[in-house]
Structure formats: structure tokens, C-alpha cells
Amino acid sequence: MTQPTAQPATDAAGPSDEVVRICQELIRIDSTNFGDGSGPGEREAADYVVARLREVGLEPTVVESQPGRTSVVVRLEGADRARPALCLHGHLDVVPANAADWQVDPLSGELRDGCVWGRGAVDMKDMDAMILSVVRHLARTGTKPPRDLVVAFFADEEAGGVHGSHFVVDHHPELFEGVTEAISEVGGYSVTVPTADGTPGRAYLLQTAEKGIAWLRLHAQGRAGHGSVPNHENAIVRLSEAITRISTHPWPREYVASVRQLLDGLSDLTGVAWTDEDAEELLGHLGGAQGFVRGTLQDTANVTMASAGYKHNVIPQSATAAVDCRFLPGHEESLMATIRELAGEHVEVEVVHRDIALDAPFDGPLVEAMKGALLTEDPDARVLPYCLSGGTDNKALSKLGITGYGFAPLRLPADLDFAPMFHGIDERVPVDALEFGARVLLRLVQTC
């Protein structure tokens, strides 16, 4: 692990002094991604990022795949330019939020109960704020990281990155010249578990793998007719039967390496044994985070939307449904074959969007630097690998041979049910966790 480059004497504020304000300001910018092109886009959020970078003398590259679908990339020169570069990246879009369901306005960035509230506070304007505050600090103080840093803020991650990371990678690969590793979201946050001696223990989940994505649409065909006449070729019934077969299918469990390492580490920490046949007691100690982990124990297929019909007394000739499938590394072909078989002869399976699964090693200099940065701030904790049941923009960067990790470091209170707030209601992040994350991320980029 290299030592931090000496910083010039300065009275400039550190990243933890402005990360909360930046997070609030980003949340107040509506960058909702509905997935159908109807949202406001990311342009306003990108303009905000560009302005904050220009304030400290940086001149980023702005890329638009379509009007308003805006990504921002900037490179910081490192002390040793012969070394491979590191990419820090986040996404500027957020999923929709129904304000009526929330305790606060989802676009308020309100400070309440020691937390910043709002859509994106967890996914992932918190990490955007950490990255931006760290980069601004490096630029203000004239600090060179040990190697080049490429910093990217992408559009469209919440709809698969077609108009964001995939577009930038496909059309502007030169922006990532020399980059071999990347760091982004959904990793590095803490969970509190009971230890073998009965005291609380804290473990940070460093994301080393993520499942692949297959967003599918089922098209059922049948015979149209009057609603009063028996019809044994009803498209809605055929679709319903396919949905039932898919939703009740018992996908076999398989423990990939990162999941085994996680469960073994938790077992060592808690004193609770597990087997391939029974990991329930151990998983129960993960609290809200167990949903992400359970999602990595097998392939999954969840029906998310359905549409059919146009009048109460008319049997339609077609019906459709959307299915969100996630597959473990190496499982894409078998998952697709299973879905087609379950759909049956009267239902066509269309692939709307697909992306690969990723698996990175839990060793090497970058992993050691991430662990070291966390443990310097929280020396009694453990750092464990895990596989993400969702996906990130690391998938797009992998097309350039870049190895990606999830590392948005947050030290969280034991009673905060954090993981379910990804795409959830009343999304919020503790102020002290944001400040902790900014300190850890700064230490990482100074030692990586």
C-alpha cells in the first residue's frame, strides 16, 4: 500500500465538511428515471456537478446520449502516471418516489433525526456527494493521488445504463484510457451482528460480485371474443398460467465464492454455524441486508408489470407481462432456457434488456487499500465480501476490461434498517455516516 502524497499546507475545508450539503443539494434536483424516457433527465444534476468541479479548477467532459441524458467525466492526474488508473463513479438518476407515501418531500433533502432524507439519499446521491467532496478537496489542495483518477457521474443507471455508462463506454472509451479498476455503489456499508461473546460486532460488506440482468417481456396470444362466450384460448389465462409457473419455480441454490466467504466470515464473527442445506439462522443476523444476500443464493425471476384488455366484455387476443430476472455468474443460458420452458407454447419471451454478471477477487492491492481505509476509521470492525443481487454501472466498464467493486463506505447505526431503503420509502442516510464515508473515501484515494 503506497503512502499518501504530501498535501500542501492549506486551511481549505475537508470532504466531510461539505459532503452533507452536497448530498442535500443533489437530492433537491429532480433526476427521476421512469425508464421510458419521460422523466426530466440528468442534465440539471450534471450541470450541478460540472459547476462544482469548475469551482475548484477542473474542466470535465460532458457527454449526452440524447438531449437531457447527461453524463460527466473528469480525470485527475496522479503522482505516478505509469501506474494503471482508478475510476470512481456514480449515477445521477434516481427511481420514482410517490410523495404521498413519504414522511417528507422526497426532493427536499431535509435534515431530520440526524439524517439526510430524500430520494437518492441511499441510491446513490450519497456516494455522488462523497466522490464530489473528495475530488474537490484534492483539487483545492493541489493533492495528487498516487495514480490517475477518472471520476464519472453517469446517466440512466436505473434503466440499465443504455443512455449512460454503456453509451459513454461505447462512444468515448478514450475517457477511461489506462483504467483497470473501478469503485462504485452498494458496498462498503456496515451491518451490526451479535458476536460469539454476545457483544455487538460490525461488519462492512464490500461488494465483489453482482448478478446478471435479464429484463424480459412475456407475450401471450389467444383468440379474441365476447366476454359472455366460453373461450379456451384466453390470452390472459395463458399469461396467468405462465406467470404462476415462473413465480412458483424452485430455483436451485448455489453458493458462489463471494457468498461462501461472506457466510463463513459471519459464522466466524457470530459463532453461528451454517450448511448448504441450512443457513437460515445465520442469515437472520443480517437484518435488512439479508434480502440482498438471499437474492444471491439462486437465480431469481419476479413479475413486475402486466397489461391486457381494453373493455370489460371483450376477451383480448394478447396479454403481456414484464419479468425481472437476475442470474448468478455463468447461469444466463440455463436461466433463459428455464424461463422459455416455463412460459409454455403460447407465450413468447422477448429480451428487453440484458447485462452480464460480474465476479471480482477479494484480494489484491486495491482490496487491501479499501479494507485499510475502513479499518483506520473503525479498527474493531470486519470487512467481508458479498455478491449484489442487483446491478451497477460496473457492468458497462467491464467491457473495457475494468474490474469493478462496490464501495460506498457508511458506518451505520445498528437500529437503521438500511438495505431495504434502496428504492424504498423514506430513504435516508445518517449525517455522521456521510461524514465517515467522505473520510474513508479520501483515505482510499490517497493510498490506492
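These legends go with four close-up views of a predicted model.

**View 1. Helix 1 and what lies over it.**
Let's start with helix 1, which runs over residues 19-27. Helix 1 is mostly covered, with seven of its nine residues buried. The buried ones to pick out here are V19, V20, I22, C23, Q24, L26 and I27. What does the covering? Part of the job falls to other helices, including helix 2, helix 3 and helix 12 (431-447). Strands join in too, among them strand 4 (111-112) and strand 5 (115-117).

**View 2. Helix 2 packed on helix 3.**
Two of the helices that help cover helix 1 also pack on each other: helix 2, residues 43-55, and helix 3, residues 125-141. Any such pair can be summed up by the angle between the two axes and the distance between them. Here the angle is about 20 degrees, and the axes are 9 Å apart. Angles under 35 degrees count as roughly parallel, so helix 2 is roughly parallel to helix 3. Their crossing is right-handed.

**View 3. Who touches whom between helix 2 and helix 3.**
Zoom in on the contact of these two helices. From helix 2, look for Y48, V49, R52, L53 and E55. Helix 3 brings L132, V135 and R136 to the contact. What kinds of residues are these, taken together? Five are nonpolar and three are charged, while none is polar. As a general tip for reading a view like this, an α-helix has 3.6 residues a turn, so residues three or four places apart point the same way.

**View 4. Two buried cysteines and a threonine in a strand.**
How many disulfides turn up in a search of the whole structure? The count is zero. C87, for one, is in no disulfide, and the nearest cysteine sulfur to its own, that of C448, is 12 Å away. A disulfide would need the two sulfur atoms within 2.5 Å. C448 is likewise in no disulfide, with the sulfur of C87 as its nearest, 12 Å away. Both cysteines are tucked away from the surface: C87 is buried with a relative accessible area of 0%, and C448 is buried with 6%.

Now find T300, which sits in strand 12 (residues 300-308). Is T300 buried or exposed? At 18% relative accessibility, T300 counts as buried, because the cut-off for buried is under 20%. Leaving aside neighbours within four places in sequence, T300 is in contact with K211, W251, G295, D324, C325, R326 and L335.

Note on methods:
Residues numbered from 1 in each chain as written. Predicted model: local features only at pLDDT ≥ 70, side-chain atom pairs only at ≥ 80, totals over all residues. Heavy atoms only, no water. Buried < 20%, exposed > 50% of the residue type's maximum accessible area, 1.4 Å probe, protein only. Axes fitted to C-alpha atoms, helices over the stretch in contact; angles between N-to-C directions. Helix = DSSP H or I, 4+ residues; strand = E, 2+ residues; numbered from the N terminus. Parallel < 35°, antiparallel > 145°, perpendicular 65-115°, else oblique. Left-handed = near helix turned anticlockwise from the far one by under 90°. Contact = heavy atoms within 4.5 Å. Nonpolar A, V, L, I, M, F, W, Y, C, P; charged D, E, K, R; others polar.
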